Amino acid sequence: MSRQANRATDNKKMNSELFTLTYGALVTQLCKDYENDEEVNKQLDKMGYNIGVRLIEDFLARSSIGRCQDFRETADVIAKVAFKMYLGVTPSVTNWSPAGDEFSLILENNPLVDFVELPDNHNTLVYSNLLCGVLRGALEMVQMAVDVKFVQDTLRGDNVTEIRMKFIKRIEENLPAGDE
Amino acid sequence: MEARFTRGKSALLERPLSRPKTEVSVSAYGLLFSEVVQYCQSRVYSVTELQARLADLGHRVGGSLLDVLVLREKNGKRETKVLNILLFIKVSVWRALFGKEADKLEQANDDDKTYYIIEKESLVNTYISVPKENSTLNCAAFTGGIVEAILTHSGFPAKVTVHWHKGTTLMIKFDEAVIAREKALEGR
């Protein structure tokens with residue numbers, strides 16, 4: 001298989017409008033189907049998780065990043081490489097906890113929420129919750145259990161979008177029973 | 001929009017409608033779309049229903065897209081002829097969504113109500129693999145929904161169906177009234 005030849009055609013980009021509109025149609029459909037913001041948030045997280053699990057393989061195949069040595073490196077790779085590659089934006093990494101196991105990603109513009117407004121009766125909806133699931137799913141596939149949640153959201157009136165990521169533990173690889 | 005109409009209402013209405021500068025990767029879109037299909041699939045019992053659900057989602061997208069594109073590409077002037085609206089879709093809509101024009105636009109030989117838009121490889125199907133037992137499923141039903149919404153909201157009511165033919169073919173069947181009106185316009 002010719003890796004070199006594939007690289008050139010691999011990084012295809014497209015305008016973010018279709019992406020934003022498709023995501024919007026999806027969230028609208030979910031709101032109609034579930035009628036309860038908490039349920040919608042859970043669904044979005046679940047769907048994000050499924051995407052993350054597939055996305056990490058795509059990411060590792062396209063970037064030549066090796067294993068990260070520590071959580072700080074992971075944070076940098078997520079912000080500077082992954083977000084840039086997939087969503088075309090580069091969040092900044094800030095607010096490290098003293099123990100070094102928690103940090104925040106600050107997004108100034110989020111392509112998922114272009115031209116989106118939350119109506120008054122959906123105050124508890126976390127519109128971009130898909131992103132939390134994606135991050136969680138992708139990191140789980142590289143043996144890191146993390147907790148991801150939104151602490152600030154431009155749709156709810158804050159100035160920026162802030163995602164807080166907390167490292168929980170390293171997942172041990174389990175050998176299937178019977179193997180040595 | 002004049003500020004005196006929108007003052008006090010959301011800041012969103014003040015934003016310019018120019019093309020967004022950010023670009024997302026095709027794989028991000030492909031993975032999102034595949035998850036959308038899987039979600040729809042969990043709530044339906046047949047291929048037809050699944051395609052109908054995807055077409056519904058496409059309708060929402062098409063409805064939002066039409067005004068923006070007409071404003072940007074045509075300076076707010078709307079099309080009145082069938083061929084022109086079809087060309088608008090083949091060129092402008094496709095380019096705004098997928099970054100390139102659709103491959104072919106054809107008219108049916110025997111039926112003046114039917115037109116075909118053909119694409120060898122549909123972008124939305126990049127990450128979708130269809131199992132043999134559901135081989136009639138074509139997720140470009142989503143794109144079909146977008147086209148149907150654009151045509152209907154422009155005053156050209158039509159039904160759009162999707163087929164596996166020369167790649168992906170969108171079959172557009174206009175209502176009788178549309179063709180009758182077209183003929184009347186030409187006859188003038």
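Me: How many salt bridges does the rule find across the interface of chain B and chain A?

Reply: The count is 3 salt bridges across that interface, in what is a predicted model. One to look at is R43(B) with D33(A), where the closest N and O atoms are 3.4 Å apart.

Me: Which elements of chain B supply at least two residues each to the side that touches chain A?

Reply: Strand 1 (23-25), helix 2 (26-41), helix 3 (47-74), helix 4 (82-98) and helix 5 (141-153) each do so. Helix 2 of chain B gives the largest share, 11 residues.

Me: How do the residues on that side of chain B divide into nonpolar, polar and charged?

Reply: There are 23 nonpolar, 7 polar and 8 charged residues on the side of chain B that touches chain A. Polar contact is a separate matter, counted by residue pairs: the rule finds 13 such pairs across the interface, with both residues at pLDDT 80 or more.

Me: How should I read the size of the interface, and what area do chain B and chain A bury between them?

Reply: Interface size is often given as the accessible area lost when the parts come together. Here chain B and chain A bury about 3700 Å² between them, 62% of it on carbon and sulfur atoms. The contact draws 39 residues from chain A and 38 residues from chain B.

Me: In what sense do strand 1 of chain A and strand 1 of chain B pair?

Reply: Strand 1 of chain A, residues 13-15, pairs with strand 1 of chain B in the antiparallel sense, over 3 bridges. To find the register, start from K13(A), which stands opposite S25(B).

Me: Now a single residue. Is K113(B) buried or exposed?

Reply: The cut-off for buried is under 20% relative accessible area. K113(B) has 18%, so K113(B) counts as buried. Its place is the loop between strand 2 (104-107) and strand 3 (114-119) of chain B.

Me: What does the side chain of K113(B) make a polar contact with?

Reply: The partner is the side chain of E176(B), at 3.4 Å. Leaving aside neighbours within four places in sequence, K113(B) is also in contact with residues including I172(B), F174(B) and I179(B).

Me: And V82(B), is that residue buried or exposed?

Reply: V82(B), in helix 4 of chain B, is buried, with a relative accessible area of 2%. Beyond its neighbours within four places in sequence, V82(B) is in contact with Y115(B), F156(B), F174(B), V178(B) and E182(B).

Me: How many residues separate V82(B) and R181(B) in sequence?

Reply: They are 99 residues apart in sequence, while their C-alpha atoms are 9.7 Å apart in space.

Note on methods: Residues numbered from 1 in each chain as written. Chains lettered and ligands numbered in written order. Predicted model: local features only at pLDDT ≥ 70, side-chain atom pairs only at ≥ 80, totals over all residues. Heavy atoms only, no water. Contact = heavy atoms within 4.5 Å. Buried area = accessible area lost by both parts, 1.4 Å probe. Salt bridge = Lys/Arg side-chain N within 4 Å of Asp/Glu carboxyl O. Polar contact = N/O pair within 3.5 Å; in protein donor to acceptor, adjacent residues only side chain to side chain. Helix = DSSP H or I, 4+ residues; strand = E, 2+ residues; numbered from the N terminus. Nonpolar A, V, L, I, M, F, W, Y, C, P; charged D, E, K, R; others polar. Pairing = 2+ DSSP bridges. Buried < 20%, exposed > 50% of the residue type's maximum accessible area, 1.4 Å probe, protein only.
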